[in-house]
Amino acid sequence: MSADPAVLARWGPWLPGFVREAMIGAGERHRFGVHHTAPGLAAAVLAVAHSVAEPLDDQTTVADPAVGGGAFLLAAAQQLPGARAEIVGRLFGCDIDPVAVAVSRVALALWSGGVAAPRGHLVAADFLDEDPFPVAPDLVLGNPPFLAQLRGDTVRSGEGRARIGERWPGVGRYVDGATAFLLASVDAVAPGGTVALIQPDSVLSALDARPARSRLMSAAPPAAIWVDDRRRFEADVDTIAVVCRRGSDASSVGLWSGVPAQLDGHHTVHLVADSWAPLLAAQRGVPSVTVQPGGPCLGDVARVTAGFRDQFYGLRDAVSDDCDARVRLITSGLIDPLVNRWGRTPCRFDKRRWTHPGVDLQRVSPTITGWVTDRLRPKVLVASQTRVIEAIVDLDGTLVPCTPVIAVEPAGDVPSLWHLAALLTCPVATAQLVEGATGSALSADAIRVSASRLSALPLPQDLTAWDAAASRAEAGDVLATGELMLAAHGLSHRNDVFQWWRDRLPGPKG
Ligand SMILES: C[S@@+](CC[C@H](N)C(=O)[O-])C[C@H]1O[C@@H](n2cnc3c(N)ncnc32)[C@H](O)[C@@H]1O
């Protein structure tokens, strides 16, 4: 048997790592998060780290806390200045699996032309238990295991949880494995040093990761993120690289994507620990809008209600096609910004197509009669899973929202229905929903509208502009409504926000 020389030449010192990965059974790979990184990906993450770190020189030390087959150390070795034999002496790695350590040793020796890593530079250890590096490295790089802690065979033992709780009080014993690696790397890196680790993008917005974000903001705030926009990593979730600098007070975060890595722009708005999702939103071209926090919001002046699945079943026997129906069913597909398409466009309900879906109140299931009659009042209705918030006014209160349409019912006479519709038909509202969305919601083009997120939308301060927007909404003029609402929020100079929203508006239908 002879190995294919082309394969050997192509993968070179990366090959032992891939052999190790291929020889590990699927169960163990999952349990320890063993997924090796392709050379190009490691180089892309290194390039982003390089953009914020001190320039690499002949003293720079580099470590990978979950070294696997040494992909990141090899990427760094290729960039570090100096003779190969000497560069190997500035590389450090740790892995819980002694086989991985042996493989990395071989990989580096192959790269250097036979010079072995010095004793103590590549060690078998649990990185979350101890700092295994004999020096504080200038650069910590890697793709740590994503060990979900809520369920499954990746959950750490009670003892492991206790150790995490002790090591980072307040961070939470159930912190995701990859995020714990981020904290441990920040502890290990030299003051002023840089950490660049692959993470699930939930690290930016998950509630569980909030204490970790808070800790990072004071110890090593993010200086750049790289977004894997093509799911190049073998993971079930969207991934990013988070690049932090210890002790920096970064006021602007570089936004990167692609292989090779390319700079997409900078995010300069102040981050808060609650969520770093604005970084992801900004990388995806969502304009950032800052509205004074703490002011009155939609939930203070209206009741916002989402239906639930049972309502669908309760309406099933009550719907019939009836162009004279007094009470009508409205689905998301019938709602365009300020346009009610009932009777003009067919819709789907209960796997059927309807042209004039009417609701016979006598035939509504008794379990939801109260809910349906309670909805028969003047209100604004909001579609779900659309590219912008789409709202219509139900002036005479005869529309029954079909889940997941959301009803916004004013608490009093002021603000009027048209004011509420204008508030929702506004670039600021859509940008805030997209920006605040979790990583996963952002990966789809549509935004997920929820009652709680709509309730939190801020009311504008300029009431005269809001009045003008409400009257344009009543006239059905979507663009003028959006423009006046921007003014009402004091953002009339933000042409970028207006253009972005306008480009997302649905085109004319049928
Ligand atoms: C996703 S692989 C990445 C390997 C390598 N950095 C790369 O990108 O090719 C994760 C590695 O972390 C190792 N690992 C898992 N838990 C660990 C722990 N607690 N401490 C150190 N290494 C660990 C696994 O053995 C595996 O080699």
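**Exercise 1. The ligand shell**

How many nonpolar, polar and charged residues does the shell around the ligand have? Work out the make-up of the shell, then find which elements feed into it.

*Solution.* Keep in mind that this is a predicted model.

Step 1: Go around the ligand and collect its neighbours. You end up with 26 residues, and the closest are His-36, Thr-37, Ala-66, Gly-68 and Asn-143.

Step 2: See which helices and strands turn up repeatedly. Two or more residues of the shell come from α5 (71–79), and β2 (91–95) also gives two or more.

Step 3: Sort the shell by class. Nonpolar residues account for 13, polar ones for 9 and charged ones for 4.

**Exercise 2. Splitting the chain**

Into which domains is the chain divided? Find how far apart their centres lie, too.

*Solution.* Step 1: Mark off residues 11–283 as domain 1 and residues 298–504 as domain 2.

Step 2: Take the C-alpha centre of each domain. Between the centres of domain 1 and domain 2 there are 43 Å.

**Exercise 3. A helix next to the ligand shell**

Describe how α4 packs on α5, the helix you met in the ligand shell.

*Solution.* Two packed helices are described by the angle between their axes and the distance between the axes.

Step 1: Get those values. Helix α4 (residues 39–52) meets α5 at about 60°, and the axes are 9 Å apart.

Step 2: Name the arrangement. Roughly perpendicular would take an angle from 65 to 115 degrees, so α4 is oblique to α5. The crossing of this pair is right-handed.

Step 3: List who touches whom. From α4 you have Pro-39, Ala-42, Ala-43 and Leu-46, while α5 brings Ala-71, Phe-72, Ala-75, Ala-76 and Gln-79.

Step 4: Sort that contact by class. It comes to 8 nonpolar residues and 1 polar, with no charged ones.

**Exercise 4. Two pairs from domain 2**

Are α15 and α19 roughly parallel or roughly perpendicular to each other? Try the pair α16 and α21 as well.

*Solution.* Step 1: Start with α15 (residues 417–424) and α19 (residues 463–474). Their angle is about 95°, with 8 Å between the axes. Since 65 to 115 degrees counts as roughly perpendicular, α15 and α19 are roughly perpendicular to each other.

Step 2: Look at the contact. Helix α15 uses Trp-418, His-419, Ala-421 and Ala-422, and α19 uses Trp-466, Ala-469, Ala-470, Ala-473 and Glu-474. That's 7 nonpolar, 1 polar and 1 charged.

Step 3: Move on to α16 (residues 427–436) and α21 (residues 495–504). Here the angle is about 80° and the axes are 9 Å apart, so this pair is roughly perpendicular too.

Step 4: Pick out the partners. Pro-427, Thr-430 and Ala-431 of α16 face Val-497, Phe-498 and Trp-501 of α21. By class, you get 5 nonpolar, 1 polar and no charged residues.

**Exercise 5. Odd spots in the backbone**

Where do Pro-260 and Pro-415 lie, and what kind of peptide bond comes before each? Then check phi of Arg-231.

*Solution.* Most residues other than glycine have a negative phi, and most peptide bonds are trans.

Step 1: Check Val-259 to Pro-260. That bond is cis, with omega about -5°, and Pro-260 sits in the loop between β8 (253–257) and β9 (262–267).

Step 2: Check Val-414 to Pro-415. This bond is cis, with omega near -5°, and Pro-415 is in the loop between β21 (406–410) and α15.

Step 3: Turn to Arg-231. Its phi is positive, near 50°, and Arg-231 belongs to the loop between β6 (222–227) and β7 (239–245).

How values were computed: Residues numbered from 1 in each chain as written. Predicted model: local features only at pLDDT ≥ 70, side-chain atom pairs only at ≥ 80, totals over all residues. Near = placed C-beta within 6 Å. Helix = DSSP H or I, 4+ residues; strand = E, 2+ residues; numbered from the N terminus. Nonpolar A, V, L, I, M, F, W, Y, C, P; charged D, E, K, R; others polar. Domains from an automatic or database assignment. Axes fitted to C-alpha atoms, helices over the stretch in contact; angles between N-to-C directions. Parallel < 35°, antiparallel > 145°, perpendicular 65-115°, else oblique. Left-handed = near helix turned anticlockwise from the far one by under 90°. Contact = placed C-beta atoms within 7 Å.
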